[in-house]
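Me: I would like a close look at a single part of this predicted model, followed outward into whatever surrounds it. Please keep it to what the coordinates support.

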Amino acid sequence: AKNNIHNEIKNKKDNIKEANRTLDKTSQSSPSVEKDNSSKKYSDNYQHACQIECQMCYQVLYIHYLRGHTQSKHQMDITSYNNKFGPGYTFAVTCFHKCKLCGVELLFDQDTIASHVRRNHGTSLKDYNAKYMTPRKETQSLEKDLQSTSESTKSHHSKGDRSKISSG
């Protein structure tokens with residue numbers, strides 16, 4: 001059993017290394033990722049946002065997913081998680097974003113950007129994202145799926161089909 005755990009941890013760490021290699025390759029080929037003199041990576045594309053490792057299962061996820069992940073996968077609220085592991089993160093992918101309104105450097109995390117633009121510029125994350133950011137690819141395809149589902153729903157209703165449509 002101890003060997004299995006050791007192998008699982010090794011596999012998780014290999015996955016993190018692969019995620020970093022992928023980011024490095026993307027950084028070299030993508031104009032939306034810049035490197036400054038200190039070799040920090042900057043981006044406006046949510047695909048490059050910071051990712052962290054869950055300290056319980058070593059899954060790599062975007063920072064703003066941690067709260068839901070700890071609750072759904074480990075039945076632990078985020079306060080208990082932070083009490084157990086501390087408030088810091090183990091980063092698998094680190095990237096920064098320069099605010100397009102004032103130029104300040106921010107950790108590339110959805111919550112960090114949202115808090116900054118709301119507090120300092122009086123704008124919503126939704127509006128800031130629409131003007132300055134590129135969404136992750138899976139977000140774009142999810143939005144297209146939702147849009148086509150919505151259009152399909154409209155066509156059913158316009159043809160007189162009044163049956164209830166489940167939202168989940």
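The part I have in mind is helix α2 (residues 66–74): which residues of this helix are buried, and what covers them? Please go on from there to the core, the charged pairs, the cysteines and the confidence of the prediction.

Reply: The setting comes first, then the helix. This is a predicted model of a protein with 168 residues, of which 29% are buried. The protein has six helices and seven strands. Read from the N terminus, the order of elements is α-β-β-β-β-α-α-β-β-β-α-α-α. Of the contacts with a separation of 6 or more, 50% are between residues 24 or more positions apart.

In helix α2, which covers residues 66–74, the buried residues are Leu66, His69, Thr70 and His74. Viewed down the axis of α2, these buried residues fall within an arc of 95 degrees, so they line one face of the helix. The face turned away from the buried side of α2 carries Arg67 and Ser72, both of them exposed. The cover over the buried residues of α2 includes two strands, β3 (51–53) and β4 (60–62), as well as the helix α3 (78–85). Just after α2 comes Gln75, whose phi is positive, at about 50 degrees.

Leu66 leads from the helix into the core. The largest nonpolar core has 22 residues, and Leu66 is among those with the most contacts inside it, along with Tyr46, Tyr81, Phe108, Ile113, Tyr128 and Met133. At least two residues of this core come from each of β4, α3, α4 (110–121) and α5 (125–132). The most is given by α4, which supplies three residues. Two of the elements that cover α2, namely β4 and α3, are thus also named as suppliers of this core.

Tyr128 shows what the surroundings of one such core residue look like. Beyond its neighbours within four places in sequence, Tyr128 is in contact with His97, Lys98, Cys99, Lys100, Leu101, Ile113, Val117, Thr123 and Met133. Of these, Ile113 and Met133 are also listed with Tyr128 among the core residues with the most contacts. Thr123 lies in the loop between α4 and α5. With a relative accessible area of 19%, Thr123 is buried. Not counting residues up to four places away in sequence, Thr123 touches Leu101, Val117, Arg118 and Tyr128. Leu101 and Val117 are therefore contacts of both Thr123 and Tyr128.

Lys100, another contact of Tyr128, belongs to a charged pair. Side chains of opposite charge can pair when their charged atoms come close. How many salt bridges does a search of the whole structure find? The count is two. In one of them Lys100 pairs with Asp44, and the closest N and O atoms are 3.1 Å apart. This pair links distant parts of the chain: Asp44 is in the loop between β2 and β3, Lys100 is in the loop between β6 (96–98) and β7, and 56 residues separate them. Asp44 counts as buried, at 19% relative accessibility, whereas Lys100 is partly exposed, at 38%.

The other salt bridge is between Glu105 and Lys40, where the closest N and O atoms are 2.9 Å apart. Here too distant parts of the chain are linked: Glu105 is in strand β7 (residues 105–107), Lys40 is in the loop between β1 (33–35) and β2 (41–43), and the two are 65 residues apart. Glu105 is partly exposed at 34% relative accessibility, and Lys40 is partly exposed at 30%.

The cysteines form no bonded pair in this model, with a count of zero disulfides. The sulfur of Cys50 has its closest cysteine sulfur in Cys95, 6.4 Å away, which is too far for a bond. For Cys54 the closest cysteine sulfur is in Cys57, and 3.8 Å is again too far for a bond. Both residues count as buried, Cys50 at 1% relative accessibility and Cys54 at 0%.

Last comes the confidence of the prediction. The mean pLDDT of the protein is 75, and 59% of its residues reach 70 or more. Over residues 21–32 pLDDT stays under 50, and the model has 15 contacts beyond four places in sequence for them. Over residues 139–168 pLDDT also stays under 50, with six contacts beyond four places in sequence. Where pLDDT is low, the predicted coordinates should not be read in detail.

Terms used: Residues are numbered from 1 along each chain as its sequence is written. This is a predicted model: local features need pLDDT of at least 70, side-chain atom pairs count only at pLDDT 80 or more; totals for chains, interfaces and linings use all residues. Side-chain values use heavy atoms; hydrogens and water are left out. Buried means under 20% relative accessible area, exposed over 50%, partly exposed in between (1.4 Å probe, protein chains only). Helices (H or I, at least four residues) and strands (E, at least two) are DSSP runs, numbered from the N terminus. The arc is that of the directions from the helix axis to the C-beta atoms. Contact means heavy atoms within 4.5 Å. A nonpolar core is a set of buried Ala, Val, Leu, Ile, Met, Phe, Trp, Tyr and Cys residues joined through side-chain atoms within 4.5 Å. A salt bridge is a side-chain nitrogen of Lys or Arg within 4 Å of a carboxyl oxygen of Asp or Glu. pLDDT is the predictor's confidence in each residue, from 0 to 100. A disulfide is a pair of cysteine sulfur atoms within 2.5 Å.
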